Amino acid sequence: MPELIAPPVKETTEVHYPKVLKPLLDPIIENFLQYSPGKLVELVKQHGSPLNLVWPHAFEANAQALQSVLKKHDVDYAIFYGAKANKSQCLLAAAASSGIGTDVSSLFELQAALRAGTTAQHLCATGPAKTTAFHQALVQGGSLICVDSREEFSQLKALFDTTPTTAKARVLLRYRPTSCPASRFGMGADDMFQCLQWLTESRESLHFEGFHFHLGGYGYETRVQAFREVTGFFDAAREMGLDPVMIDIGGGLPMRYVDPQEYDSFLQNDNNPGHYQNRRVPNSFYPYGSSLTACQWLDLFLESEHSPGKTIAGYLKSQHIKLALEPGRSLVDQAAITVFRVTRTKQLADNKFVIFAEGSSFSACETWFSSEYLVDPVLITSKDSRQVPMQAYIAGHSCLDDDVITHRLINFETTPQTGDLLIYANTAGYQMDLLENEFHRHPLPRRLTATCCTEGNYAFTPDY
Ligand SMILES: Cc1ncc(COP(=O)(O)O)c(C=O)c1O
């Protein structure tokens, strides 16, 4: 049989990077966009728009980087991937293959994590409203349960009266740090002491392993303060004859989407009402140009003072305490891109344009965080497109006025045409699928796992 040799594919597409809020790109993804843009056009033809490509190698690199920081400080640790950040199954599998656990907040996340290969003992369950079925599965599998309230404690305890089991519930108590007294999550001092007391009386059914907290915001300093507060309870628990071994500081490690200096320059120079089609500057943004990476954040946390002359790392080691973390967003840094096909570019008043993307703004948004999606898209056009500069905002395909991906007016050096692609980089952290839906009966966006094969070659498989 003669060997069939395919002729080299001539790229008929061109890649245009934005000048402002240019996304930081993982080198493998950058290489893919640069040298195989035609492949993206083909994938969107095959799977529809929007299309999410998920890159587990990026997750594995992030997990490894955090592990290196913890190893450098020689502390005992456990990392639980905050599975709520993304619905991808291959990212759960990346957590399992990276040797880390998963933080699950529902029975369904638990089942997905088990399916991905994480053992039940490496799961940690957070969330304030766990159902009885979720509790049962957690107890049976030997997963950690972060008890959020006295009420949850009683409900968990009651399980043992109704369903005899030989397994014990492994329990962390969730503390409500003094920096957030009005939060509905966790317990204040009185409730913590009550639960500790109950734990001393329930040793046959509940195994107490330590404390947990999670804070909003991205400062490591607030975690240092909360950590110091928790260590007071740690001492009290030991005095009560309990044997805690873990402090879990939750998630909230920052990640960086754009260069910090470029981000500052954007905030100072390109962020006035005139830069937005609705003439409204959002009140707050996710810190897209974070001055710290997740690893630097963790380093600073561990080096911070716990007590006079003792760092947090030093305290953990001297007390034989395991530090647990639940990073969500920062572990999926660079782990997905979202691709929209352009349906139409339409001229509006004042020589402004709107670009309609095929799909809704819920596939690339910070809506939940009351913010604007602040990374500009990479544009892929046909090679024959004429360079006609223009300014446009980007809307989804629905009839809702608020279905807008970017209210900001973006400068394009080449006018996007029907069939061109807009690539949103780094959408894995809550942005690509948290709010996705089938509005207008448009099918849910497909998710493909992108695997790097030989250099410059990639395989794309359904991500279930
Ligand atoms: C209890 C808990 N742990 C971890 C996380 C993950 O946070 P992040 O994605 O900011 O790292 C969250 C997020 O809401 C959370 O509520």
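Gln 334 lies in the loop that connects strand 12 with strand 13, the latter covering residues 336-347, and this loop is a convenient place to enter what is a predicted model. The phi angle of Gln 334 is near 70°, a positive value in a residue other than glycine. Most residues other than glycine have a negative phi, and most peptide bonds are trans. The chain is divided into domain 1, made of 13-55 and 334-462, and domain 2, made of 57-255 and 291-332, with Gln 334 standing at the start of the second segment of domain 1.

On one side of this loop is strand 12, which spans residues 322-325 and runs parallel to strand 9, residues 246-248, with three bridges joining the two. Within this pairing, Met 246 has Lys 322 of strand 12 as its bridge partner. Both strands belong to a closed barrel of eight strands, which follows the order 3-4-5-6-7-8-9-12 with parallel pairing. Neighbouring strands of this sheet are turned against each other by 30° on average, when direction is ignored. Strands of a sheet pair through backbone hydrogen bonds, either parallel or antiparallel.

The UniProt record, in an unreviewed entry, lists residues 64-263 as "domain: Orn/DAP/Arg decarboxylase 2 N-terminal". In the model this span is 43% helix and 16% strand, and its end C-alpha atoms lie 27 Å apart.

The ligand is the next stop. It is surrounded by 14 residues, of which the closest are Gly 82, His 214, Gly 251, Glu 326 and Gly 328. By class, the shell around the ligand divides into three nonpolar, eight polar and three charged residues.

On the other side of the loop that holds Gln 334 is strand 13, and several pairings can be followed from there. Strand 13 is joined by five bridges to strand 14, residues 353-357, and the two run antiparallel; here Arg 344 stands opposite Phe 356 of strand 14. The hairpin formed by strand 13 and strand 14 has five residues between the strands, and in this hairpin Asp 350 takes a positive phi near 55°. Strand 13 is also joined by five bridges to strand 18, residues 421-425, again in an antiparallel arrangement, with Tyr 424 of strand 18 as the bridge partner of Thr 338. Strand 14, in turn, runs parallel to strand 16, residues 390-395, through four bridges, and Val 354 has Tyr 393 of strand 16 as its bridge partner.

Strand 13 further pairs with strand 2, to which four bridges join it in an antiparallel manner, and Leu 53 stands opposite Ile 337 of strand 13. Leading into strand 2, which covers 51-54, is the loop that follows helix 2, residues 37-47, and Pro 50 is found in this loop. The peptide bond from Ser 49 to Pro 50 is cis, with omega near -5°.

How, finally, do the two domains stand to each other? The centres of domain 1 and domain 2, taken over C-alpha atoms, are separated by 35 Å, and 14 residues of domain 1 are in contact with 13 residues of domain 2. To the side of domain 1 that touches domain 2, strand 19, residues 446-452, gives the most, with three residues. By class, that side of domain 1 has eight nonpolar, three polar and three charged residues.

Note on methods. Residues numbered from 1 in each chain as written. Predicted model: local features only at pLDDT ≥ 70, side-chain atom pairs only at ≥ 80, totals over all residues. Near = placed C-beta within 6 Å. Nonpolar A, V, L, I, M, F, W, Y, C, P; charged D, E, K, R; others polar. UniProt positions renumbered as here; feature names shortened; annotations may be inferred. Pairing = 2+ DSSP bridges. Axes fitted to C-alpha atoms, helices over the stretch in contact; angles between N-to-C directions. Domains from an automatic or database assignment. Contact = placed C-beta atoms within 7 Å.
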